[in-house]
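Biologist: Before we begin, may I ask that each term be justified by its cut-off?

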Amino acid sequence: MKSLGIDIGSSSVKVSLLDIETGNCVVSATCPDSEMCIVALRNGWAEQDPDMWWDYVCQGIRKVSGSCPMSDVAAIGITYQVHGLVLVSEGGKPLRHSIIWCDSRAVDIGADAFESIGRDFCLSHVLNSPGNFTASKLAWVRWNEPEVFKKAYKALLPGDYIAYRLTGNISTSISGLSEQILWDFKEERRADFIADHYGIPHGMIPEAVPSMGIFSYTDAAAERLLGIPEGTPVSYRAGDQPNNAFSLNVMEPGEIAATAGTSGVVYGVVDTPKADPLSRVNTFVHVNHVRDMPRFGILLCINGTGIMNSWARKNVMQGRAGQPIPLPFVQKDSCNSIRCRNRALQYGRGFGSCAWSRSRGRAVQFARGGIFIPENCRNDRPFR
């Protein structure tokens, strides 16, 4: 039997089939061949068409089905670009383009909410400033596109929309609520006070389910369109950075993952909710969080890492494929302090990752999409 993985990125959609028994990737497809379009009507804006994502999901599934029939699929997992806003009508149709993660139009809205609601209250309950996250983007639509807002039935994340197209069921995840700044960590429930501040009807926020577990099944429409048997469970859904950590088996307190792609991210797991009063890092619900065994992800993000590395390769290295580019490589010394060493990574489409596991006491190497994690990531120089 096989599991079907779907990844909704901002540059492409990836579809893979994995053998459940061995864990090996059987076949993978990336759509489109060039990068997906991002619409920027104004400086600082970034939008994508949700139906474009769905079209590429369908293309990717049809590509991999040429190597393995969809009748072999036993479960489906979805990962997606975090923080995007997809507004749908009661009939499930997108009402506008998605305002995606790198759109900055709601920065001032979130900053004002942080002060109006109260810094201390926000940090003790949602562990973050409302910032430029999804709830603030939804408030922007309410105040700037009132006719669209009136027609909105549900506000979804990108992965929620793809799950809906496969199943006909609308829901989100608890981790997803936290990335929207709509999860109250202190009360372990939805942060309705954020919605109330922005004038967002509670009914517009979908029901939240765990990231892992069977929460919906594919419908007859998916079987007719894609050949996936009706009733196939969708058993996993997570944003890209929590998923990257999960894929590296970073699940327990003290374990840390680092990824280099469109953004450079360091993501560490803790079991106690923590807030940074200076907003240098953000805290979200991790994919394996349950009330009796809490797991939270603390995320440090540096935007533009991939494009800066790509620019350096094209301009400094004159586009020579496969040439390593010196980049800071963060390490942990014997005093547990952070220091940088000049290490070589290669940039390619996709991401490279390295995980530090306190329990395993060593660094683990990973490579994907043309990015190489060098051998100097070893026991005596652990990654932190």
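**Reasons behind the terms**

Modeller: Arg-105 counts as buried, because its relative accessibility is 11% and buried means under 20%. Please keep in mind that this is a predicted model.

Biologist: What makes the contact between Glu-47 and Arg-105 a salt bridge?

Modeller: The N to O distance between the side chains of Glu-47 and Arg-105 is 2.8 Å. A salt bridge requires a side-chain nitrogen of Lys or Arg within 4 Å of a carboxyl oxygen of Asp or Glu, so the pair of Glu-47 and Arg-105 qualifies. Side chains of opposite charge can pair when their charged atoms come close.

Biologist: Why is Glu-47 called buried or exposed?

Modeller: Glu-47 has a relative accessible area of 4%. The limit for buried is under 20%, and therefore Glu-47 is called buried.

Biologist: Why can one say that the pair of Glu-47 and Arg-105 ties parts together?

Modeller: Glu-47 belongs to strand S4 (residues 47-48), while Arg-105 sits in the loop between strand S7 (98-99) and H2. The parts joined by this pair are 58 residues apart in sequence. Glu-47 and Arg-105 also belong to a network of salt bridges that includes Arg-96, Asp-103 and Glu-145. In total, the structure holds 13 salt bridges.

Biologist: Why are Arg-119 and Glu-115 called partly exposed?

Modeller: Arg-119 has a relative accessibility of 41%, and Glu-115 has a relative accessible area of 47%. Buried means under 20% and exposed means over 50%, so Arg-119 and Glu-115 both fall in between. Their side chains meet in a salt bridge, at 2.7 Å from N to O.

Biologist: How do you know that Lys-150 and Glu-147 are separated by about one helical turn?

Modeller: Lys-150 and Glu-147 are three residues apart in helix H5 (residues 146-151). The closest N and O atoms of their salt bridge are 3.6 Å apart, and the limit is 4 Å. Both Lys-150 and Glu-147 are exposed.

Biologist: Why is Thr-79 called buried, and what does its side chain contact?

Modeller: Thr-79, in strand S5 (residues 73-80), has a relative accessible area of 10%. Buried means under 20%, so Thr-79 meets the condition. The side chain of Thr-79 makes a polar contact with the side chain of Asp-7 at 2.8 Å, and the cut-off for such a pair is 3.5 Å. Beyond four places in sequence, Thr-79 also touches residues including Ile-6, Ile-8 and Tyr-236.

Biologist: What makes H4 largely enclosed by the rest of the structure?

Modeller: Eight of the 11 residues of H4 are buried, so this helix is largely enclosed. Among the buried residues of H4 are Lys-137, Leu-138 and Trp-140.

Biologist: Which residues touch the most other members of the largest nonpolar core?

Modeller: They are Leu-87, Leu-138, Tyr-198 and Met-204, in a core of 45 residues. Several elements each supply at least two residues of this core, including helix H3 (119-125), helix H4 (134-144) and strand S16 (263-270). H4 gives the most to this core, with five residues. Apart from this core lies another, of 41 residues, among them Met-52 and Trp-53.

Biologist: What forms the nonpolar patch on the surface?

Modeller: The patch consists of Ile-302, Ile-307 and Met-308, with about 330 Å² of accessible area together. Ile-302 is placed in strand S18 (residues 296-303).

Definitions and conventions
Residues numbered from 1 in each chain as written. Predicted model: local features only at pLDDT ≥ 70, side-chain atom pairs only at ≥ 80, totals over all residues. Heavy atoms only, no water. Helix = DSSP H or I, 4+ residues; strand = E, 2+ residues; numbered from the N terminus. Buried < 20%, exposed > 50% of the residue type's maximum accessible area, 1.4 Å probe, protein only. Polar contact = N/O pair within 3.5 Å; in protein donor to acceptor, adjacent residues only side chain to side chain. Contact = heavy atoms within 4.5 Å. Patch = residues over 30% accessible without salt bridge, like charges linked within 9 Å, V, L, I, M, F, W, Y side chains within 5 Å. Areas by Shrake-Rupley, 256 points an atom, 1.4 Å probe, with all protein chains shown as cover. Core = buried A, V, L, I, M, F, W, Y, C linked by side-chain atoms within 4.5 Å.
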